[in-house]
Amino acid sequence: MHLDQSILSLIVFTPLVGAVVLALLPDRGKLQPAAALIVTLLTFLFTLHLPAHWHSIPAGTYNFELDRVWIASPNIHYHVGVDGLSMWLLVLSGLLAPLGVLASWNAIASRRKLFYTLFLLQQVSMLGVFVSLDLFLYYAFWEMALVPMTILIATFGRTDNRRRAALKYFLYAFIPSALLLVGMLWIYNGTHTFDVPTLTYLAATHQIPGSAQALWLASLAFLIAFAVKVPVFPLHGWLSEGIQEAPTAAVMVLAGKLGLYSILRFSFGIFPEQSHRIAPLMIALGAIGIVYGALLAYLQNDLKKLAAYSTLGHLSFITLGIFTFTAMGVDGGMYQILNHGISGGALFLLMGLLYERYGTYDMRALGGLAKVLPWIVTMFVITALSNVGLPMLNSFVGEFLILAGSMRTAFSAHAVLWCVIATTGVILSAAYLLSMIQRVFYGALGTRSREVQPIDLNLREHVTLWPLMILFLAMGIGSTYWMRSLHPLATAYSSAADVPPLKNPIVHVEAETYVPVNGGQR
Amino acid sequence: MNPNYLWLIPVLPFAGFLINGTLGRKLARPAVAGIALLFTAIPALLVAWLWSTMLSTGALTMSVTSRSWITVPGFHVNFAFAVDHLTLIMLAVVTGVGFLIHIYSAGYMAHEEGYWRFFAYLNLFMFFMLVLVLAANFLLLFVGWEGVGLASYLLIGFYFTKDSAANAGKKAFVVNRIGDFGFLLAMFLIIAHFGSLSFGDVFAAVNAHPAWQGGFLTAIALLLLVGAAGKSAQLPLYVWLPDAMEGPTPVSALIHAATMVTAGVYMVCRTHVIFDRSPLALSVVAIIGAATAIFAATIGMVQHDIKRVLAYSTVSQLGYMFLGCGVAAYSAAVFHLMTHAFFKALLFLAAGSVIHALSGEQDMRLMGGLKKRIPVTYWTMTAGVIAIAGIPPLAGFFSKDEILYRTFAFEANPMLGKLLWAVGLLTAGLTSFYMFRLWYKTFAGEERFDEAHLGQAHAVVHADEHPAGHDEGQDTSHQGHHGVHESPWIMLAPLCILALLSIIGGWIGIPQALGGSNHFEHFLDPVFAATTHAENAVNADQVSHSMELVLAAVSVLVALIGWFVARIFYLKKPGTLGARFGNSALYKLVANKYWVDEAYDATIVQPTVIGSRILLWGFVENVLVNGSGFVSAAITRLFASVTRKMQSGNIRSYAGWLAVGAAIILIAMTASALHIH
Amino acid sequence: MALALFIIFGVLCVAGALNLLFQRHPINSALSLVVVMMALAVIYWTLGAEFLAAAQVIVYSGAIMVLFTFVIMLLNAGEEERTTGSKAAYFVGIPGVAGIIALLTYIFLHEKAALGYARLGGSLDTATSNISEISRVLFTDLLLPFEVTSILILVAILGAVVLARREQ
Amino acid sequence: MVPIAYYLILAAVLFSIGIGSFLIKRNIITIFMSIELMLNAVNLTFVAFAHQWKLIHGQIFVFFVMVVAAAEAAVGLAIIIAIFRTRQTLNVDNINLMKN
């Protein structure tokens, strides 16, 4: 079999083999993290094959496809393949995994075997979700993602509240998943296929049997399951506690990617009209979520809680963007998924570093660290700026496109209002992130920061953080490199909707050359 | 000059930032300063080359476009720079003044901890500021716009161990973000209406449709104005600038006087095509400008901190520039922008020199009589004070007078024009008053400082500014730093150059009425042609040169009155004014800056915070969001309490249930099968 | 003739099974199970499954039941104690069982004609013998599963050893 | 000529007696035997249907069931021994590890 066909399976199952190997290796010294690092790096290496051998493809088709019958009846296939979005999500997950292992190097001091085995299993399921083109296969990975994460939170949580947080996470994710399963089976009952490209085609040509009411309910079943996983305001009840408890490596992949990807691939793909129908609500929830997340983040004294609400705010941006169904909004939203992965990931990594040193996330006990930890503060400020959406850094491109798209969307009667509300997010996010920087790093030394001998970044931590810092800048300046493979999907979703023509057709001038008015008449 | 060299102008300071930012900690101080200066000097030379190229070839524009920055289907933004005459002036101001201030900083900051950090930030600022002025589209302009805000944040918070500095930095960034909010919305509207962010595309589209008046263009213009007001510290967003004085003085000179804060003016001028179509927006610009000018001037009159006086003066002068923009006298506004850059940078640097001489003392009540002690600083500052007061033939007179004259002659709305002119004139008098007040209190009269204990009141600051151990072999003039001392020449040289510029800088814009030929305005004609030609044609007919002369005489008179009042109260009879008005309500109102900060805090910040704490956190988050979780958990538990009885743990009971289940399924299947038959 | 064989051995089966149910000593139950299995072997034979009939005797009666007997004797299992077990087993399970049996009987009798009849002796309408047919399929088409079962048995043996080993 | 249905009814009866025995018996070994009984009942249906459809695969399935049953018996009896060793009883009502 040619490598291009087997590469996706290789990517997904390398961590699985790794997990088995780790389970067999003894839990001695740094053997487990070292082995996990090798496995995750290998996986990352494999994911890099994808952009290197990428072929430009139209929407609805996939690269690196492999389709084998898995179970003949019911008609379930092992069908994997990636388009631009899932390719970059694979690369992103591939990148975050070794960083997560490095971040856990010392942070996880006991039961390493359990931790890294679960971590790799989590990785398998996440990668599996991104490559699956068969609903059933997808669902298997989707549900599988739940278990290792729940155990990770329940076992390696920070406080005594970890069981409760894990249970909450599990219930929040699991119950809507049951709805998803019902929806899936209903679809299968009508179409006798789980194949996503086929279903997308059927949906686009209105061939999915069922009454409008039934399709609407099925689309809701899908959307609710995904929206909880994102999470979309107000379904974020699990997020705060989950983020507080989960160890750094797990929290980096806890929210966002899976749910948003699923909305884009399945909700939009299989239920285009129903998604358009619910778009006004989702746009409103997105805009409200942005402001809500930012305001609550401002109130927090605990770094992790702050990060949790900040995450809610950032994910709401993406929700807003993709539900505008404009090329700008969807493109920006997809790009922002990647950006949030690295910006949010970096923020959690840095908070984890502080916790390793100071044993607290309480900002009231920290303070004045800038003087003693110059490298950490530099990284923290850069990361905060990336999260704030400073131009030239990654998040700006995504947020700008999302907001610009939200102004133009045809799917909300009050698009301008929601756009204005969402844009206040840029003020509020600056307010809470800079307050955080100030409280942790500036001013006089806090109670806790006085007690502990300051240790700046060591080599391992430098290695962990620098790739992200470089990506901030690279993704801020060279966004076209990433976005060109996202365009087909964005075009597909936006052209499906009726985008109004420009209100004022532009007079074409030679692009980007600034010609002064009446120039030359001196 | 090859247009591709334009890239070098901003990129070089960025390289300086990267080098100093990553390696600076390990480099010697001269090396750090050398790198920073080198990477500022080369762009300055490049700008000079650019000037000579464009003047010699007569080219009106030069532009360069790189690959795409953001592309989505149906919309794209490139990295593109464009230079026209407006940009040339801005470039000259930014690189020239910027370079001088870099030199000054090398001396001023010599003893500071974090020397490398300071220069890295300064270079970063240069990078963003140059991107801002070179940008050929709104988005790249916004990059510079946000970037200078960032640099400003970092530099204001340079002494981050001081809470006040950290707060000021945060305040500056957040208030700027409010402005950016408007700017962003303006860009979204532009995208929605024009589908492009390129200046060329947008302005051409506007010019091609003379029918577009007001309407969405007003909305765009007003939103842009929000952005400009944030950046240029206009009402109601001026509050961050006075606090920004927490930063080192060179920063105040460069960022908060000469360059960054004028970005709003530059932006309004750059987008004048849009503003021209909206008389309403223009009037708002003018009103805000005039209001800010007089508002800040009144506060400036009663401040005691030398840098704060200058800060309010900056806000006030920026108000003048907005006033100029608002009456469509863009070239006058840019003219004032340039002269203001010279004399305000000079004033700040001189103030820095004074502060340096007094080892960190900023309170004017503890100064006085410094004329003899620091003569170079005294003379250069004098030039600056006269320039800002608007007394000919120094630079400030010409530019300010031009704005006032054009306001008076404002064609579109003569009543408003006259009113704003009166306000502007009053402000001119106030400006003259508070600047001479500053001058007298600092340099004249008796010495009110305690030379033996200089700097002790600022021990905290000093711990940061002057780290223990002067064993680094600095130049000798710093050794006697406990007495009043003149600054080293590395600081005085920029002062002298700027003083010279403050004196002669206005001569390039002498209006025809005064026998000049107004080179400056003609130089900018290609940029503002559409507006100024029309206006000029009308003005030339309606307002004669004699009228212009009369107005100039009036404004000089007002400035002189301001001077004499200050002379009476601060030189001849010091203390009398304070004795009479010190306890009046009006004085308290002004001295407390009209309680604007407190009002904002009480009406916006606190309600938001308290509202979110009670309503969002207390109710929505913990009752609705988490509550729904509890409710569903309770329901689950209810069902569970029933079903758990079946989980007896007895294998045989499980088997029993299994059998029942199987039987039920079998029966159901059979029933349906038989039913079908 | 065939019907007679079926009735004799069918009754033997049911009787053995009921005996298993009613005997209270496990060894008696085990022996009655042997009876059931032997009878079943004959019934297999009547259905033309000669190989399975032999395997039934060898594997079940010969191996598995011997193992059971050994364990019973090893553990010295006595008579069943009378304990009150699960009520659910009696009050829910027994009616369930009765339901299943009644239902299945009804269905099978209902579909009697459709199910057809068994002919004694050669059954599969093939020239080859039953054993060679089984071996052909087993060693060609189903070779892999067949080999996998050997691994299964190996694992089972290892598992049994591990489980039954006395804790150190 | 015996109707296949009779074989199936015999299998159903045996299976039900197996279930009943599973439910009633308390000795864990007897319970295990009733499982074997049920397996045999299922085997009988396989063979009967194999005869009806004239397909050898039913018989082969039985063969595999036997293999599995043998393995199961080995492991199951080992488990019984292990349980007896720790609990000193064979009565399932006294073995309630599953109830906390």
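What percentage of the 522 residues of chain A count as buried? The answer is 61%, where buried means 20 or more other C-beta atoms within 10 Å of a residue's own, exposed means 12 or fewer, partly exposed lies in between, and C-beta atoms are placed from the backbone.

This is a predicted model, in which local features need pLDDT of at least 70 and side-chain atom pairs count only at pLDDT 80 or more, while totals for chains, interfaces and linings use all residues. Residues are numbered from 1 along each chain as its sequence is written, and chains are lettered from A and ligands numbered from 1 in the order in which they are written.

**View 1. Chain A as a whole.** Chain A holds 21 helices and 2 strands; helices (H or I, at least four residues) and strands (E, at least two) are DSSP runs, numbered from the N terminus. Its C-alpha trace spans about 80 × 65 × 40 Å along the principal axes. Chain A has a radius of gyration of 23 Å, which agrees with the value near 24 Å for a compact globule of 522 residues; the radius is taken over C-alpha atoms, and the globule rule is 2.2 Å times the number of residues to the power 0.38. Of the contacts in chain A between residues at least 6 apart in sequence, 81% link residues at least 24 apart. Here, two residues are in contact if their C-beta atoms, placed from the backbone, lie within 7 Å.

**View 2. The hairpin of chain A.** Strands β1 (residues 63-71) and β2 (residues 76-82) of chain A pair in the antiparallel sense over 6 bridges; pairing takes at least two bridges found by DSSP. A hairpin through 4 residues connects β1(A) to β2(A). Look across the pair and you'll find A:Asp67 opposite A:His79. As for cover, 5 of the 7 residues of β2(A) are buried.

**View 3. Two helices of chain A, α6 and α11.** The 30 residues of α6(A) (residues 162-191) should span 44 Å at 1.5 Å a residue, and the end C-alpha atoms sit 42 Å apart, which agrees. The expected span is 1.5 Å times one less than the number of residues in the helix. Just after α6(A) comes A:His192, with a positive phi near 55°. Helix α11(A) (residues 257-270) has 14 residues and an expected span of 20 Å; its end C-alpha atoms are 19 Å apart, so this one agrees too. There's a bend of about 30° in α11(A) at A:Ile263, taken as the angle between axes fitted to the seven residues ending there and the seven starting there. Of the 14 residues in α11(A), 14 are buried.

**View 4. A:Leu468 and its surroundings.** A:Leu468 belongs to helix α19 (residues 459-477) of chain A. Why does A:Leu468 count as buried? Because 24 other C-beta atoms lie within 10 Å. Setting aside neighbours within four places in sequence, A:Leu468 is in contact with A:Ile342, A:Gly345 and A:Ala346. A:Gly443 is 25 residues away along the chain, and its C-alpha atom is 28 Å from that of A:Leu468.

**View 5. Chain B, its hairpin and a covered helix.** Chain B has 26 helices and 2 strands, and its C-alpha trace spans about 115 × 65 × 55 Å along the principal axes. Of its 677 residues, 56% count as buried. Strands β1 (residues 62-72) and β2 (residues 75-83) of chain B run antiparallel, joined by 8 bridges. They make a hairpin with 2 residues between them, and B:Gly74 in the turn has a positive phi of about 90°. B:Val72 stands opposite B:Phe75 in β2(B). Elsewhere, 8 of the 8 residues of helix α11 (residues 263-270) of chain B are buried, so this helix is largely enclosed by the rest of the structure. Among them are B:Tyr266, B:Cys269 and B:Arg270.

**View 6. Where chain C meets chain D.** Here 71 residues of chain C are in contact with 58 residues of chain D. On the chain C side, the elements supplying at least two residues each include α1 (2-22), α3 (50-75), β1 (117-118) and α7 (143-164). That side divides into 53 nonpolar, 11 polar and 7 charged residues; Ala, Val, Leu, Ile, Met, Phe, Trp, Tyr, Cys and Pro count as nonpolar, Asp, Glu, Lys and Arg as charged, and the others, Gly among them, as polar. β1(C) pairs with strand β1 (residues 2-3) of chain D in the antiparallel sense over 2 bridges, with C:Ala118 opposite D:Val2. Chain A does not touch chain C, and their nearest C-alpha atoms are 17 Å apart.
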